[in-house]
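Here are my notes on the model you sent, set out as numbered points. Please read them with the structure open beside you.

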Amino acid sequence: MSLPDLVLTNLDKVLWPRTGFRKGDMVEYYRRIAPALLPHLAGRPLVTHRSPDGVEGKGWFQTRCPHPPAWLRTAMVPSGARRDEAYEYCVVDDLRSLLWIANLGAIELHRLLACTDRLEVPTQVVFDLDPGPPAGLAACSEVALRLRDLLATLGLRSVVKTSGWAGIHVVVPLNTSHTFEASKRFARAIATHLATQYPELIVDRPAQALRHGKAFIDWSQNSRTRSIVAPYSLRAAEIPLVSTPLAWEEVGLTASFFRPQDVLGRVAEYGDPFRAALEMEQELPADWPLPRT
């Protein structure tokens, strides 16, 4: 592979010891999935989870872009605590930038919910469904379907993906002018409504003691400074797994764990079911309270 001003290093280093999946395999996956992945990263500040010594070594989330080359696009984003302080984030718009990030040992790619030109305007509402053991994928799938149906009664369409772990992400595309205050208030109201309707299945508060055997709807991700793992991103799990977009018809009928080769095959056969998140324009409903299910 020949890209200007880009040198890939240590490609034989094993990042996933249990499977022998190497850094070079990771870079090749990101190269091949780039046509589906890049539209979901383009124009957005990026947070990475770096594990340069592999998933069994030290890993950390990195917000500040680490010594970017002159050709890499970056964006200054105000910090959460102080609006007069800003951090320089990487912005990955093209293949060269994506492979440069991967070469740093950045296994996971998390992006903010706004674009660099409108940092105060979320393009999506995100619901992160996280199971509390012994609940698992089945519980999250049931909640995802109930969530989809409730959103539909409000005239809102949604898309869905695996988290790459045991959870599911349900996303409501907006791509219109809303504030984070509005999107977060909406997400919290939806989560509370469903937790009230289905207390045996759903919890809307993060306390671990409340989550046993239930699915937690995390609505708090809808914030200017929070990020969520991008569709098609690898995860730093024991084996190489991918946060994978699904068709709604698959929810509850398929496994939550997809490996890179699985995902490449799915995209080659079906395309990107998450692309609607980039193209759909929707308004949050103005009427409250929410209808009963």
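Is Tyr 232 buried or exposed?

1. Tyr 232 has a relative accessible area of 1%, and because buried means under 20%, Tyr 232 counts as buried. I should say at once that this is a predicted model, and that every value in this note is to be read with that in mind. The backbone of Tyr 232 also deserves a look, since this residue, although not a glycine, has a positive phi of about 80 degrees. Tyr 232 sits in the loop that runs between β13 and β14 (234-235).

2. A positive phi in a residue other than glycine is also found at Asn 175, where the value is near 55 degrees. Asn 175 belongs to the loop between β10 (168-173) and α4 (180-197). Its relative accessible area is 24%, and so Asn 175 counts as partly exposed. As background to both points, most residues other than glycine have a negative phi, and most peptide bonds are trans.

3. The peptide bond that leads from Pro 133 to Pro 134 is cis, and its omega is near 10 degrees. Pro 134 is placed in the loop between β8 and α3 (137-153).

4. Helix α1 (residues 23-41) should be inspected along its length. A straight helix of 19 residues, at 1.5 Å a residue, would span 27 Å, whereas the end C-alpha atoms of α1 are only 21 Å apart. Within α1 there is a kink of about 80 degrees at Ala 34, and the proline Pro 35 follows shortly after it. Just beyond the end of α1, Gly 43 adopts a positive phi of about 75 degrees.

5. How many disulfides does a search of the whole structure find? The search finds one, and it is formed by Cys 65 and Cys 90, whose sulfur atoms lie 1.9 Å apart. The pair links distant parts of the chain, 25 residues apart, with Cys 65 in the loop between β4 (60-62) and β5 (74-78) and Cys 90 in strand β6 (residues 86-91). The torsion about the S-S bond of Cys 65 and Cys 90 is about 90 degrees, and the disulfide is therefore right-handed. Both Cys 65 and Cys 90 are buried.

6. Cys 115, by contrast, takes part in no disulfide, and the nearest cysteine sulfur, which belongs to Cys 90, is 16 Å away. With a relative accessibility of 21%, Cys 115 counts as partly exposed. Cys 140, at 0% relative accessibility, counts as buried.

7. The largest pocket holds about 250 Å³ of space. Its lining is made up of 19 residues, and those that lie nearest the centre of the pocket are Asp 128, Asp 130, Ser 163, Trp 165 and His 169. By character, the residues of this lining divide into eight nonpolar, six polar and five charged.

8. Which strand gives the most to the lining of the largest pocket? That strand is β8, which contributes four residues. At least two residues of the lining come from each of β8 (124-131), β12 (215-218) and β13 (227-229).

Note on methods. Residues are numbered from 1 along each chain as its sequence is written. This is a predicted model: local features need pLDDT of at least 70, side-chain atom pairs count only at pLDDT 80 or more; totals for chains, interfaces and linings use all residues. Side-chain values use heavy atoms; hydrogens and water are left out. A disulfide is a pair of cysteine sulfur atoms within 2.5 Å. Buried means under 20% relative accessible area, exposed over 50%, partly exposed in between (1.4 Å probe, protein chains only). The expected span of a helix is 1.5 Å times one less than its number of residues. The bend at a residue is the angle between axes fitted to the seven residues ending there and the seven starting there. On a 1 Å grid over the protein atoms alone, a cavity is a set of points where a 1.4 Å probe fits but cannot get out, and a pocket is an open set with protein on both sides within 12 Å along at least five of seven lines; lining residues have an atom within 4 Å of a point. Grid points are joined across faces, edges and corners, and a volume is the space filled by probe spheres set on the points. Ala, Val, Leu, Ile, Met, Phe, Trp, Tyr, Cys and Pro count as nonpolar, Asp, Glu, Lys and Arg as charged, and the others, Gly among them, as polar.
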